[in-house]
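Biologist: I am new to reading models. Could you take one part of this structure and walk me slowly through how it sits among its neighbours?

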Amino acid sequence: MGNGFGEKLRAERLDRGLTQAELGKDLYSPSYISLLETGRREPTADVIEELAHRLELAPKALEAWSQPVSVSDAEYVLAGLYARQAWDLRDYPVAATHAAAAARIAQDAKNTSAWWNMTYMQAECLIKQGLWQECKNVVQHLLDHPMAAESAGLGVRAQQMLAAAAQGQGQLTTAVSHAQEAVRLCAGLPQDSTMIIGALRALIGALAESGRLDEAWEYCQDMNERMNEHSMTQLAGEVAWVIGNVAFMRHDYAEGVKYHERAARLLSPANDIDLWARFNKASAAVRLSSGIVEPETLSSIERAELALSIVGGTRTDELEVAFIRARWLYLTGDIVAAVQKLREIHAERDALAQHTAGEVSLLLGKALKAAGEASDALVYLEEAQKEFSAAGASDRVQQAMDAVLEIRLAQRRAAAAASAEA
């Protein structure tokens, strides 16, 4: 297949804010559209004519995409294929290398659509590795290109990626700003575009992490109203997951359980085991943060651990799941085991986002306090206070400060009592 048919098809689809399912609706499956976009299937004349109609393009334009390839076209297609194969195997460093190579070939050939798509894939690979700043640097190149200003869809994708990277770094105020810009740009998309859901999810996540829960909940209602009986099952499951997260964080436990139970029904490990792993990890985390210690919470932890062992993951993923297990130990009263696991996680906290590292320090401080080691507890609680402050999580700063004050007051009372006895 010549001149990157699949890449151009993908670029046109994304430029219109369409998912693979939406482009193929009622005729082609998402997997078939994926095969076309990855160059694993050749389009027939009928397919070209139908896709041209759906993309509002002249059929001859699509036919031109399938003309005989040049040497640079072949090199580009090969590099892109290698990148996608590595992505499917979750070998993100290799995928990033091949995506960058494909982007360079496309740039030399002045194929801006292909360059944009492969550069974006490179950024996706970087964020999968937790290389937040490297990802932001790559995405900034995309935003600086005129294509991002000309296409609302491309601008939304770039801003959403920047929000995710900033949130990974613990720069929550910056994450909110990028997500708000992504939502603003959605005004240029069709009202039923699933990209709007993605932008809203990014904004809700950043607001919730920042402690701005009422604002996050308002956007949850907006997002929920966009779902209907025609919405894809997996998308509906992801939306229910996000709304449940915020409900738990607002201490609305009944709503949190309701939405997470709905998400558990809609999401399937057979469709996407990586997504299933992330859902169970998130569900366990928010339940424990709300103090909900019940069999279903433990089941979520165990499912997340099992899925992670199957799909693999970064060290950051492993530490985050270990932290959830440590929180379970703490809340179920196994303080000694909790302290031991938290110390192990704390030793590698540089692999965690700043606000997550703050959570580790906070819980370790609380666990040490419960173990009667008040002096050591103060060290970690004060550390948590600084990390939350740097991340812009004001509500968590207050929690750390309250825990510090509680210990200091207890110490003063003990000192006064000892002085009185003397």
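Modeller: Happily; here is a close look at one helix, with a second one to follow. This is a predicted model, in which local features need pLDDT of at least 70 and side-chain atom pairs count only at pLDDT 80 or more, while totals for chains, interfaces and linings use all residues. Residues are numbered from 1 along each chain as its sequence is written, and side-chain values use heavy atoms, leaving out hydrogens and water.

Our part is helix H16, residues 253-266. Helices here are DSSP runs (H or I, at least four residues), numbered from the N terminus. The end C-alpha atoms of H16 are 20 Å apart, which agrees with the 20 Å that its 14 residues should span at 1.5 Å a residue; the expected span is 1.5 Å times one less than the number of residues.

Gly256, Tyr259, His260 and Ala263 are the buried residues of H16. Buried means under 20% relative accessible area, exposed over 50%, and partly exposed in between, with a 1.4 Å probe and protein chains only. These buried residues lie on the same side of H16, because they cover an arc of only 100° around the axis. That arc is taken from the directions from the helix axis to the C-beta atoms. An α-helix has 3.6 residues a turn, so residues three or four places apart point the same way. On the other side of H16, Ala254 and Arg265 are exposed.

What do the buried residues of H16 pack against? Their partners are helix H14 (213-225), helix H15 (233-249) and helix H17 (273-289), where contact means heavy atoms within 4.5 Å.

Now for the second helix: H20 (residues 335-346) has buried residues including Ala338 and Leu342, and Val336 and Gln340 are exposed on the face turned away from its buried side.

How values were computed: Helix = DSSP H or I, 4+ residues; strand = E, 2+ residues; numbered from the N terminus.
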